[in-house]
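Q: Could you take a close look at the contact between the protein chains for me? I'd like it told as one connected story, with whatever lies around it.

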There are 2 protein chains.
Amino acid sequence: MSLAHALLTSLLEQPSSGYDLARRFDKSIGHFWQATHQQIYRELGRMEKAGWILSEPDPDAGRTRKRTYCVLPSGRQELERWAAEPAPLPELRDEFMVRLRADATLGPLGLLPELRRRRELHCEKLRAYRAIEARDFAPETAPTRKRRIHHLILKAGIQYEENWIAWYDEAVQVLGES
Amino acid sequence: MSLAHALLTSLLEQPSSGYDLARRFDKSIGHFWQATHQQIYRELGRMEKAGWILSEPDPDAGRTRKRTYCVLPSGRQELERWAAEPAPLPELRDEFMVRLRADATLGPLGLLPELRRRRELHCEKLRAYRAIEARDFAPETAPTRKRRIHHLILKAGIQYEENWIAWYDEAVQVLGES
DNA sequence: TCCAACTATGCAACCAGTTGCAGCACTTTA
DNA sequence: TAAAGTGCTGCAACTGGTTGCATAGTTGGA
């Protein structure tokens, strides 16, 4: 049930509507935890039923159905409880490795272009992360604890992408030789 | 539908029963694509219905229900078709980053021990990969194309773990300071 | 000889996440 | 002012993966 807790965290940072959450998720937390708007609405419903959050019609929303959610004390408590629990490592799960292995078994299937494409996709993500880093974590700004942690999280993404880029470079070589 | 294709690859390497596949999956391909025995049996059923594989009672099985599956030409074709398709990059999805962010928002929640635990888990995986590497890819053995690719896949795992270990080292520092 | 552990397969229920679609209000533009 | 676009919410159906349980033969030890 990480989605609920990701939403709690996001809502603590700033009360928002489901729609806004869906868009904010595309950045920040969303780099490590994705969700569609469907999932988010459904989960917000459950969380309100559980008494973790409270919603009211958005004051700026006119006659639209927009609702703003904010975290109740019991939601905060729940997040605290959950955050201290041990969590399993994420599983490494990559379709492309299956394809590579199929290529090893069946003989050359022409995966080189796909290899290059994937390398480029990682480069793009890296560029995006780097842009965020440059914008939000300039070296001259005073690093609070919160900022240091946010930066740390971002760096996980950066290193992850760099790591894959290096691996794809080697992969291009290996597949290119044969 | 990667599971089906992972199974096809595995069965091409060696015809086996569902049970054997489940165990072989814990090694090799399973480092990048996990599946429980339930999933495997269900999928084998579908694949046989689709005409990709054929099963017969295992000759060495006595009165047990053990069945051995092997890949039919149409299965091989399907694998070839599928392997050449472009695949999406795997999404980075890590609960723990959500917890870290909750810690940043709520204030210190004592995540340091968990950080160290996770680092150790990555070390263990790394050791396991390294052991496989030492056993299966000794530098003196002649590298065929197939072996080179298998080694490449393994190295993806190795680098991945090393990368996370380095990141957790930094994380311990950042969280330790405050 | 009986029990426990292991090999081997499978059903049923469940949960999280995905996809397709639809409804309604407001905004822009032709 | 009608049409198209976008903000915002939501239902329904589906898929892939997980969990718990059941069954049945085989093997090895007390």
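What follows starts at that contact, goes on to the helices behind it and ends at the DNA.

A: First, a caveat: this is a predicted model, so to speak of local features we need pLDDT of at least 70, and side-chain atom pairs count only at pLDDT 80 or more, while totals for chains, interfaces and linings use all residues. Residues are numbered from 1 along each chain as its sequence is written, with chains lettered from A and ligands numbered from 1 in the order in which they are written.

Now the contact itself. On chain A, 58 residues are in contact with 58 residues of chain B (C-beta atoms, placed from the backbone, within 7 Å). Two or more residues each come from H1, H4, helix H5 (95-106), helix H6 (112-136) and helix H7 (145-176) of chain A (helices are DSSP runs of H or I, at least four residues, numbered from the N terminus). H7(A) gives the most to this side, with 16 residues. By class, the side of chain A that touches chain B holds 30 nonpolar, 12 polar and 16 charged residues (Ala, Val, Leu, Ile, Met, Phe, Trp, Tyr, Cys and Pro count as nonpolar, Asp, Glu, Lys and Arg as charged, the others, Gly among them, as polar).

What about symmetry? Chain A lands on chain B after a rotation of 180° with 0.0 Å of shift along the axis, at RMSD 0.1 Å (least squares on C-alpha atoms of residues with pLDDT of at least 70 in both copies). The two copies are thus related as by a two-fold rotation axis. Within chain A, A:Asn163 comes closest to that axis, its C-alpha lying at 3.5 Å. Also, 100% of the interface residues of chain A are interface residues in chain B too, so the copies meet through the same surface.

Two helix pairs within chain A are worth a look here. H6(A) and H7(A) have axes that come within 9 Å and cross at roughly 160° (axes are lines fitted to C-alpha atoms over the stretch in contact, with angles from 0 to 180 degrees between N-to-C directions). That makes H6(A) roughly antiparallel to H7(A) (over 145 degrees; under 35 is roughly parallel, 65 to 115 roughly perpendicular, the rest oblique). Their crossing is left-handed (the near helix is turned anticlockwise from the far one by less than a right angle), and their contact has 14 nonpolar, three polar and eight charged residues.

The other pair is H1 (residues 2-13) and H4 (residues 73-83) of chain A, packed at about 125° with axes 10 Å apart. H1(A) and H4(A) are therefore oblique to each other. A:His5, A:Leu8, A:Thr9 and A:Leu12 of H1(A) meet A:Gly75, A:Arg76, A:Leu79 and A:Trp82 of H4(A).

Finally, the DNA. Around strand C sit 20 residues, the closest being A:Arg63, B:Ser17, B:Gly18, B:Tyr19 and B:Lys66 (C-beta, placed from the backbone, within 6 Å). Helix H3 (37-49) of chain A, plus helix H2 (18-25) and helix H3 (37-49) of chain B, each give two or more of them. Strand D has 19 residues around it, with A:Ser17, A:Gly18, A:Tyr19, A:Lys66 and B:Gly62 the closest. H3(A) gives the most there, with three residues.

Terms used: Two residues are in contact if their C-beta atoms, placed from the backbone, lie within 7 Å.
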